[in-house]
Protein chains: 2
Amino acid sequence: MVETGGDRGSGAIRRLPSAVPPRATIEMVARHCGVSRQTISNAINAPDRLRPATLHKVLQAIEELGYRPSHAARSLRTHATNVIGCRLLPSSHSGTGGVLDGWFHALCAAARSGGYDVLAFAAATDDEEIEVYDDLLRRRAVDGIILTNTHYLDPRPAWLLQHEVPFVAFGRPWGSANATHSWVDVDGASGTADAVRHLADLGHTRIGFLGLNKGSGVCDDRFQGWASAMRALGLATTGLVGRAEDGIASGRALTEKLLDGPRPPTGLVCVSDSMAVGAIRAVEDRGWIAGRDLAIVGFDDSPIASLLRPSLSSVRQPIVAVAGELVSELIAELSGVKRRPSRILRAPRLIVRESSGDRLSTPEITAFDEAPGPSHSVLARRSHFDTKSQQTPERIKKKGA
Amino acid sequence: MVETGGDRGSGAIRRLPSAVPPRATIEMVARHCGVSRQTISNAINAPDRLRPATLHKVLQAIEELGYRPSHAARSLRTHATNVIGCRLLPSSHSGTGGVLDGWFHALCAAARSGGYDVLAFAAATDDEEIEVYDDLLRRRAVDGIILTNTHYLDPRPAWLLQHEVPFVAFGRPWGSANATHSWVDVDGASGTADAVRHLADLGHTRIGFLGLNKGSGVCDDRFQGWASAMRALGLATTGLVGRAEDGIASGRALTEKLLDGPRPPTGLVCVSDSMAVGAIRAVEDRGWIAGRDLAIVGFDDSPIASLLRPSLSSVRQPIVAVAGELVSELIAELSGVKRRPSRILRAPRLIVRESSGDRLSTPEITAFDEAPGPSHSVLARRSHFDTKSQQTPERIKKKGA
DNA sequence: CTAGCGATTTTGAACGTTCATATGCAATAC
DNA sequence: GTATTGCATATGAACGTTCAAAATCGCTAG
């Protein structure tokens with residue numbers, strides 16, 4: 001009402017006295033306690049250079065004035081932004097609901113506690129993502145990048161390497177064995193192998209695998225875990241594999257085909273929860289019950305897994321831990337010390353629910369990541385074929401130059 | 001192998017000639033085409049001040065050198081960061097899976113096409129969130145904030161107002177009718193009213209409501225939609241309401257109680273999909289089928305809704321549109337023109353699936369949001385959204401002072 | 001008493017922009 | 001021919017830090 005008249009304020013009454021203190025600069029702090037700018041700067045960046053008495057005085061003044069170094073000024077001077085860039089995958093990507101949701105949250109938390117902020121951006125394609133990288137880097141808005149969703153023929157790592165951008169990938173450099181960048185990944189093979197052994201323990205011998213079409217590194221990895229576990233158990237694998245693109249419809253169709261085939265599986269390990277949901281659908285179509293007539297294990301432990309009826313056994317990725325490692329690796333990279341790229345593989349954990357037929361434990365809802373305690377109850381008797389240990393991340397030494 | 005010896009590089013051979021051009025500054029561009037700094041600056045920020053010939057020359061040089069203004073330098077000088085801060089809710093928050101996932105993605109996309117970047121951060125509590133605000137603002141790392149998940153007695157809007165931080169809220173200022181900030185929200189009442197009418201159309205007369213305990217603005221809103229639609233239809237409402245904290249267990253328990261009560265509902269409108277899932281559980285417990293023996297409608301259309309069996313009818317929020325409006329409102333706010341706060345309410349849309357008993361449409365999977373439509377994404381960086389949204393949202397006039 | 005030294009603090013410059021102002025130049029007005 | 005205007009471009013300063021180097025202080029040693 002009152003201010004309808006003029007548009008550009010004549011600048012008189014505008015701001016009330018207001019509780020907002022003028023934002024403190026380093027100069028103001030300096031004057032406030034009678035020392036020079038640089039001393040304030042040192043108090044923050046190299047406190048050991050100050051006499052204890054001075055340090056105390058300065059810190060108190062900083063506190064009093066609520067001073068924080070201006071991001072822009074500092075970053076202009078130091079050429080470091082303390083910001084990490086990370087692409088958000090299109091939400092459709094995680095078909096069965098947000099797993100990456102929790103991962104990203106953990107990523108932000110880890111970054112912040114390491115003194116970094118996360119700049120999030122959306123991109124629909126790899127090329128678009130590269131364009132954003134280019135923009136962010138030219139404007140010097142980020143120090144480094146967290147790369148997600150690596151795949152065969154991925155143009156992004158090469159681009160980043162060529163432009164000497166510090167980055168760490170979530171996901172192995174599929175297809176380029178001697179990549180020179182750091183990455184963190186989840187050992188899918190170990191997850192599917194666990195799933196196979198779990199089903200074998202329950203008495204299954206014909207355990208199938210529902211995977212993606214050739215060309216997915218993630219699926220190859222998980223397939224390989226299935227295959228080697230089957231081999232190790234002396235189980236035949238022919239006629240037990242179905243492949244298609246990811247999705248519920250695919251899962252349903254593939255399952256039908258396998259069940260109608262010459263060697264119908266009694267258990268099924270799936271490359272994703274979407275596939276597993278499809279498998280459950282197919283089972284329901286015949287009036288069967290998942291977990292009784294066909295044992296099904298998914299992958300990802302997406303939020304739906306525990307909501308489905310019967311609930312879905314699934315392999316859970318340690319996404320919080322992975323997020324933390326991605327951040328600390330990137331920060332290490334940014335610290336400038338030249339080191340050989342690290343390659344970190346983390347083991348996932350099978351969450352047993354109803355769909356695999358083991359009725360022992362059917363938790364209604366499970367926490368999103370590893371529970372703090374040693375809750376490995378169900379798999380008490382871990383049959384160990386290979387040496388993959390559960391908790392310690394496996395570090396693979398760089399092989400070739 | 002080769003580089004096993006020394007650790008700190010002696011700094012000789014390290015970098016190959018490399019395809020990385022030295023990052024261009026405004027000075028370099030200026031020299032490159034024989035004009036002054038300021039002319040380059042003008043070419044970017046006020047192109048109409050240049051003679052066409054000069055402009056052309058400069059733009060070409062910019063292109064050639066791949067110049068982009070340094071974020072830090074520009075932001076130091078202009079006191080604007082072109083960055084928006086936004087808190088990520090803990091992943092557990094969206095019980096049934098990532099709805100906010102898609103919202104956040106849309107937010108980032110909208111921001112970028114408006115010339116802004118999004119700084120994401122995690123916070124567990126409101127107080128922690130305020131601490132992060134304080135940090136970000138003191139360091140001048142963001143220009144403004146997108147606030148999510150508003151609720152009664154929310155300390156955040158007050159804090160932001162007091163500190164004169166530009167912000168827009170996703171969610172109404174529950175409990176403070178004459179709040180002076182802008183917000184965007186989804187008209188929950190309209191959603192539940194739609195749900196009620198849908199069920200009434202199917203012949204139901206005893207339509208219940210599963211809500212949260214008193215004190216949730218979101219629930220009050222949705223409840224109110226249910227209540228007024230019932231009243232408008234001349235249906236009695238007594239004995240048809242259950243309240244508890246959100247969750248599947250709650251939904252199940254409440255449903256049981258209602259079904260065992262004196263006036264068992266034949267239809268149920270739920271405040272959330274979690275509640276609805278609980279309701280489905282309760283129905284299953286009695287060997288009933290949702291949609292046949294009890295009609296159920298959820299709220300949020302979370303990813304599971306279409307995956308459940310029977311699939312869950314649910315009210316879908318136009319999260320992409322909301323994200324876009326939040327961003328454009330905030331940008332308007334940041335443009336500095338004093339305007340009365342805008343309050344935007346958008347209508348959600350009921351997605352009918354099996355659980356409500358209307359077998360007419362049972363899409364397997366539905367797209368996440370309204371079709372994109374004539375997207376404003378083409379706008380060049382730094383330009384602001386000019387006109388208010390394309391879809392004509394419903395605007396509520398500011399009432400009180 | 002003074003030189004010398006390390007610890008502490010200060011000073012001037014620079015980071016890369018944009019703002020405010022000044023200059024140059026061409027066209028118009030007197 | 002000179003003053004007046006308006007447009008196009010250039011110059012100096014400033015934004016708020018940290019870096020590099022210089023200055024000062026407090027001691028110990030000669």
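This report walks through a predicted model of two protein chains with two DNA strands, starting at the DNA and moving on to the protein interior.

**Around the DNA**

Let's take DNA strand D to begin with. It is surrounded by 27 residues, and the closest are A:I26, A:Q38, A:S41, A:R77 and B:T54. Of the strand D atoms within 4 Å of the protein, 57% belong to sugar or phosphate, with bases making up the rest. Sorted by class, the surface near strand D has eight nonpolar, 11 polar and eight charged residues.

DNA strand C has 27 residues around it too, with A:T54, B:I26, B:Q38, B:S41 and B:R77 coming nearest. Sugar and phosphate account for 56% of the strand C atoms that come within 4 Å of the protein. The class split for the surface near strand C reads eight nonpolar, 11 polar and eight charged residues.

Here are some of the polar contacts to the two strands, side by side.

| Protein residue and atom | DNA strand and atom | Distance |
|---|---|---|
| A:I26, backbone N or O | strand D, phosphate oxygen | 2.6 Å |
| A:N45, side-chain N or O | strand D, phosphate oxygen | 2.9 Å |
| A:Y67, polar side-chain atom | strand D, sugar or linking oxygen | 2.9 Å |
| A:T39, polar side-chain atom | strand C, phosphate oxygen | 2.7 Å |
| A:R77, polar side-chain atom | strand C, base nitrogen | 3.1 Å |
| B:I26, backbone N or O | strand C, phosphate oxygen | 2.5 Å |

So much for single atoms; now for the helices. Near strand D, the elements giving two or more residues to the surface are α2 (37–45) and α4 (71–78) of chain A, along with α2 (37–45) and α4 (71–78) of chain B. Near strand C, α2 and α4 of chain A and α2 and α4 of chain B each supply at least two residues. Which helix gives the largest share near strand D? That's α4(A), with five residues. For strand C, the largest share, again five residues, comes from α4(B).

**A closer look at α2(A) and α4(B)**

These DNA-facing helices have buried residues as well. In α2(A), they are A:T39, A:I40, A:S41, A:N42 and A:A43. Among the elements covering them are α1 (26–32) and α3 (52–65) of chain A. A:T39 shows up in both pictures: it is buried in α2(A), and its side chain has a polar atom 2.7 Å from a strand C phosphate oxygen. Burial here is worked out on the protein chains only.

In α4(B), the buried residues are B:H71, B:A72 and B:S75. They sit on the same side of the helix, because the arc they cover around the axis is only 90°. What do the buried residues of α4(B) pack against? Their partners are α4 of chain A and β1 (83–88) of chain B.

Both ends of α4(B) have something to show. B:S70 caps the N-terminal end, with a side-chain oxygen 3.3 Å from the backbone nitrogen of B:A72. The helix is followed by B:H79, which has a positive phi, near 65°.

**Aromatic pairs**

Over all chains, a search of the whole structure turns up 13 aromatic pairs. One of them joins A:Y133 and A:W159 in a tilted arrangement, 6.2 Å centre to centre with 35° between the planes. This pair links distant parts of the chain, since A:Y133 is in α6 (126–138) and A:W159 in α7 (155–162), 26 residues apart. Both A:Y133 and A:W159 are buried. Ring pairs also bring in A:F121, giving a cluster of A:F121, A:Y133 and A:W159.

In chain B, the rings of B:Y133 and B:W159 have centres 6.2 Å apart and planes at 35°, so this pair is tilted. B:Y133 lies in α6 (126–138) of chain B and B:W159 in α7 (155–162), so parts 26 residues apart in sequence are tied together. B:Y133 has a relative accessible area of 0%, so it is buried. B:W159 counts as buried because its relative accessibility is 15%, under the 20% cut-off.

**Two buried helix residues**

Finally, a couple of interior spots. A:T255 is in helix α10 (248–260) of chain A and is buried, with a relative accessible area of 1%. Beyond its sequence neighbours within four places, A:T255 is in contact with A:L210, A:L268, A:A279, A:A282 and A:L294.

B:M230 belongs to helix α9 (217–232) of chain B. Is B:M230 buried or exposed? It counts as buried, because its relative accessibility is 0%. Leaving out neighbours within four places, its contacts include B:V196, B:T205, B:I207 and B:L240. B:I207 is 23 residues from B:M230 along the chain, and their C-alpha atoms are separated by 8.1 Å.

Conventions
Residues are numbered from 1 along each chain as its sequence is written. Chains are lettered from A and ligands numbered from 1 in the order in which they are written. This is a predicted model: local features need pLDDT of at least 70, side-chain atom pairs count only at pLDDT 80 or more; totals for chains, interfaces and linings use all residues. Side-chain values use heavy atoms; hydrogens and water are left out. A residue is near a molecule or strand if one of its heavy atoms lies within 4 Å of it. A polar contact is a pair of N or O atoms within 3.5 Å; within protein, one must be able to donate a hydrogen and the other to accept it, and residues adjacent in sequence count only if both atoms are side-chain atoms. Helices (H or I, at least four residues) and strands (E, at least two) are DSSP runs, numbered from the N terminus. Ala, Val, Leu, Ile, Met, Phe, Trp, Tyr, Cys and Pro count as nonpolar, Asp, Glu, Lys and Arg as charged, and the others, Gly among them, as polar. Buried means under 20% relative accessible area, exposed over 50%, partly exposed in between (1.4 Å probe, protein chains only). Contact means heavy atoms within 4.5 Å. The arc is that of the directions from the helix axis to the C-beta atoms. Rings of Phe, Tyr and Trp (its six-membered ring) pair if their centres lie within 6.5 Å; planes under 30 degrees apart count as stacked, over 60 as edge-to-face and the rest as tilted.
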